[in-house]
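Student: Could you take me through one part of this protein slowly? I would like a close look at the sheet and at what packs around it.

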Amino acid sequence: YTVLGDGVNLASRLESLCKQYGVTRIASGAVEREACDTFAFRKLDRVAVKGKSQVVTVYELLGPADCVRGEAIGPYEEALEHYFGRRFDAAVGLLAPFADVDPPSKVLLERCRTYLAEPPAPDWDGSWIARSK
């Protein structure tokens, strides 16, 4: 059997993002909305996957809805909001304690430090452009 379509293409691209964020499961915002009563998620980023210009919000699937969320999850999500608001120094302070134990925190911390050294363009909307599959 063969499966075709934009949704399949997006799923393939999201699967490859797992390596970049150091997680085992990534879901789109559409999946998170449909499954949030059953499963727990962590908001990871807003990304334009390789080959697409449309930005999607991506989430890490953590497990059943009643699973214990790791101690890095809350600070990460708060740091992500600072990141989207261009408050990179505040995000760095939240992410630094977890960078050695939480791969997404390390990824976002490095990005924030890069933007502190060289701020993004004024029209930047917080989206990350994934350049590889």
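Tutor: Happy to! Let's start with one residue pair: I26 has E60 in β3 as its bridge partner. Keep in mind that this is a predicted model.

That pair belongs to a longer match, since β1 and β3 are joined by 3 bridges and pair in the antiparallel sense. Now look at E60 again, from another strand: E60 in β3 is also the bridge partner of R42. Right beside that pair, K43 stands opposite Y59 in β3. These pairs help you trace how strand β2 (residues 39-48) and strand β3 (residues 56-64) run antiparallel, with 8 bridges joining them. In general, strands of a sheet pair through backbone hydrogen bonds, in either a parallel or an antiparallel way.

Let's step back to the whole sheet. It is an open sheet of 4 strands, in the order β1-β3-β2-β4, and its pairing is mixed. The edges are taken by β1 (26-28) and β4 (128-129); each has a single partner strand, so one side of each is left without a neighbour in the sheet.

What lies across these strands? Helix α1 (residues 6-21) lies across β1, β2, β3 and β4, and runs at about 140 degrees to β1.

Next, turn to a pair of helices. As a rule, two packed helices are described by the angle between their axes and the distance between the axes. Here, helix α3 (residues 73-84) packs with helix α4 (residues 88-95) at an angle of about 165 degrees, and their axes are 8 Å apart. Angles over 145 degrees count as roughly antiparallel, and α3 and α4 are therefore roughly antiparallel to each other. Their crossing is left-handed. On the α3 side, the contact is made by P75, Y76, E78, A79, H82 and Y83, while α4 brings F88, A90, A91, L94 and L95. Sorted by class, this contact of α3 with α4 has 9 nonpolar, 1 polar and 1 charged residues.

Finally, follow the chain into the loop between α4 and α5 (103-117), where you will find A99. Is A99 buried or exposed? Its relative accessible area is 12%, and the cut-off for buried is under 20%, so A99 is buried. Apart from neighbours within four places in sequence, A99 is in contact with S105, K106 and L109. To place A99 against another part of the chain, take L10: the two residues are 89 apart in sequence and 28 Å apart in space, C-alpha to C-alpha.

Methods
Residues numbered from 1 in each chain as written. Predicted model: local features only at pLDDT ≥ 70, side-chain atom pairs only at ≥ 80, totals over all residues. Heavy atoms only, no water. Pairing = 2+ DSSP bridges. Helix = DSSP H or I, 4+ residues; strand = E, 2+ residues; numbered from the N terminus. Contact = heavy atoms within 4.5 Å. Axes fitted to C-alpha atoms, helices over the stretch in contact; angles between N-to-C directions. Parallel < 35°, antiparallel > 145°, perpendicular 65-115°, else oblique. Left-handed = near helix turned anticlockwise from the far one by under 90°. Nonpolar A, V, L, I, M, F, W, Y, C, P; charged D, E, K, R; others polar. Buried < 20%, exposed > 50% of the residue type's maximum accessible area, 1.4 Å probe, protein only.
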